[in-house]
Amino acid sequence: MKAYIRMVGISVKQGLEFRARIFMWLLVHLSAFTVVPFFWVYVLFLQPNVEYTPEKIATYYVLIVLVSCFSASNIGNRIEEDILEGGIVGLMVKPVSYVKYRFALFLGGKVVPSTIVIVLFGLARLLFPTYILLPTSFVHGVFFVLFVCVASTITFFLDVLVSLGAFWWGRTPALGQSLVWLRGLFGGQFAPLVFYPAAIVSLAKVLPFQFLYAIPANVYLGEYDITTVYHLLVGGVIWIMALALMATFIWKKGIRTYDSPSQ
Amino acid sequence: MKKYLRVYKKLVELGVSIESQYRKDTALGFIAQGIQFATALLFIEAVYSQINLIPGWTKEELFVLTLLVDLQNKVFVFLFQGNFNYMEQLIHSGKFDFLLTKPISPLFYATNRVIRIRAATLIFLSLTTIMLIAYHFSLQFTFSGIFRAAYMGFWGVVMMYAISLLVNCLLFRNSQIGNVNNILGELRYQGRYPFNIFPHIPYIVFTTILPVTFFGYFATAALFGKLDVLTYLFVPLLSSFVCFCSILLWRKQVKHYSSASS
């Protein structure tokens, strides 16, 4: 455990060292939302909606940006590189679990960007109080934070799962790109899930992607009562466990077939 | 000119050879493309579940807008993306020194050496999908409309190239910002909205300061004859201007480049 805590510390220090890189990653996540929030605000101005006012949709997207910056991970690329360039060989002879090692680095890597994002969110709230609503209640606010943690962990494991494909298929940007689009659709990043046809909403409910954006944002906006929130939280934790098990299983299978590039 | 054509031909051959190693990813790329189209089309369904009519655009035209944004993107990926992704490594690993010794323009070589043949198959897929959509919804494209769209699409790619070059010039100054190309990758997909519904100020911002309208929107609007004459003049002018500035900046950076090892 001590080793992993130390790795979290190292990762925090890296974040402080490579400030420009961290800032650029934040811009990457912000750039995905350059137009879409404005688009929805104008659509809802053109035709008002009872459920979603322009203010609510603006807050929804600010929250999505917030969650996206918190949970975003570049870990998939790192794992892919480690597999393809033989980096995992060095780690396999050390008394650490590779996935836990990566998770520790992922957690540490969140500290600096998260601090920046919280400050930016505060500033945005001060500048545009009408368009950035506060949480429905204090409890909803606390649950929002918990759901952001769930979203981050699920994102991590999804990235791990996709990158493990490198054991069999080599470099596969197409898989990663598919995940981005699926997250956008079923996670509620492109549009709130309630706007989609019923079949898509039903499908989203049985996939883990809604925990990435839609559920945290809807918890903040008070779309669910507290009992539902509890149930959803349990659902999120179950998804984390299922994805962690899948990642462990695939990792073990991959390692068995692995030939280091140096061999 | 002949020399450059010969070099380019060699680079294409090299591209084919490299890409043949990524056959599995090419197959997966088709699946990814299918998912991308499906999500984009469902997004439009979501929009039309909230609004009866977007001024000036039918649902079918928005489908084409989404597909043309993707097509323009794929053309850029095919020709240039691999080079810009590689730029950080090129500049910071010292390989750029080697490039400067070649009897060829560093800009030409640095931005043309990687040709992503995989994207060509996806361009073909995009074109086929556009034709299928047009057939399914009985959309009729005129010859002049297609010509106008190709013209605006060309200038859109020039703008993408210019902005990418401009931003990648920063790599000469800062070694930490190699991920700058990811920002551009995201921005290139932001042209898929009907920008005419925006008020004046956001429209001007998205056309000049952050010119995402160049990334597919203008080409589609031209295809359906939704642009005024001034835009046909403005788009090439601004694209050329940004391109000119980016080349000037590149030359300045190359002049002051003092090798990664120094």
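This text leads the reader through selected helix packings, the interface and the salt bridges of a predicted model.

A convenient place to begin is chain A. Here helix α3, residues 36–46, packs against helix α4, residues 54–71, at an angle of about 165 degrees, and the two axes lie 9 Å apart. Because angles over 145 degrees count as roughly antiparallel, α3(A) is described as roughly antiparallel to α4(A). The crossing of these two helices is right-handed. From α3(A), the residues A:V36, A:P37, A:W40, A:V41, A:L44 and A:F45 take part, and they meet A:P54, A:I57, A:A58 and A:Y61 of α4(A). What is the character of the residues in the contact of α3(A) with α4(A)? They divide into 10 nonpolar, no polar and no charged.

Chain A also holds a salt bridge, in which the side chains of A:D82 and A:R102 meet at 2.7 Å, N to O. This pair links distant parts of the chain: A:D82 belongs to helix α5 (residues 75–85) of chain A, whereas A:R102 belongs to helix α7 (residues 98–127) of chain A, and the two are 20 residues apart. Over all chains, the count comes to 9 salt bridges.

The next subject is the interface of the two chains. Chain A contributes 39 residues to the contact, and chain B contributes 45 residues. The area buried between chain A and chain B is about 3800 Å², with 73% of this area given by carbon and sulfur atoms. On the side of chain A, the residues that lose the most area to chain B are A:V35, A:F39 and A:W181, which together account for 18% of what that side buries. How many salt bridges are found across the interface of chain A and chain B? The number is 0.

In chain B, attention turns to helix α7, residues 143–168, and to two of its packings. The axis of α7(B) comes within 8 Å of the axis of helix α11 (residues 229–256) of chain B, and the two cross at roughly 25 degrees. Angles under 35 degrees count as roughly parallel, so α7(B) is roughly parallel to α11(B). Their crossing is left-handed. The residues of this contact divide into 20 nonpolar, 4 polar and 1 charged.

The second packing joins α7(B) to helix α8, residues 180–187, of chain B; these axes come within 10 Å and cross at roughly 160 degrees. That angle makes α7(B) roughly antiparallel to α8(B). Here α7(B) passes α8(B) in a right-handed crossing. On α7(B), the contact is made by B:I163, B:S164, B:V167 and B:N168, while α8(B) supplies B:V180, B:N181 and B:L184. In this contact of α7(B) with α8(B), the residues divide into 4 nonpolar, 3 polar and no charged.

Methods
Residues numbered from 1 in each chain as written. Chains lettered and ligands numbered in written order. Predicted model: local features only at pLDDT ≥ 70, side-chain atom pairs only at ≥ 80, totals over all residues. Heavy atoms only, no water. Axes fitted to C-alpha atoms, helices over the stretch in contact; angles between N-to-C directions. Helix = DSSP H or I, 4+ residues; strand = E, 2+ residues; numbered from the N terminus. Parallel < 35°, antiparallel > 145°, perpendicular 65-115°, else oblique. Left-handed = near helix turned anticlockwise from the far one by under 90°. Nonpolar A, V, L, I, M, F, W, Y, C, P; charged D, E, K, R; others polar. Contact = heavy atoms within 4.5 Å. Buried area = accessible area lost by both parts, 1.4 Å probe. Salt bridge = Lys/Arg side-chain N within 4 Å of Asp/Glu carboxyl O.
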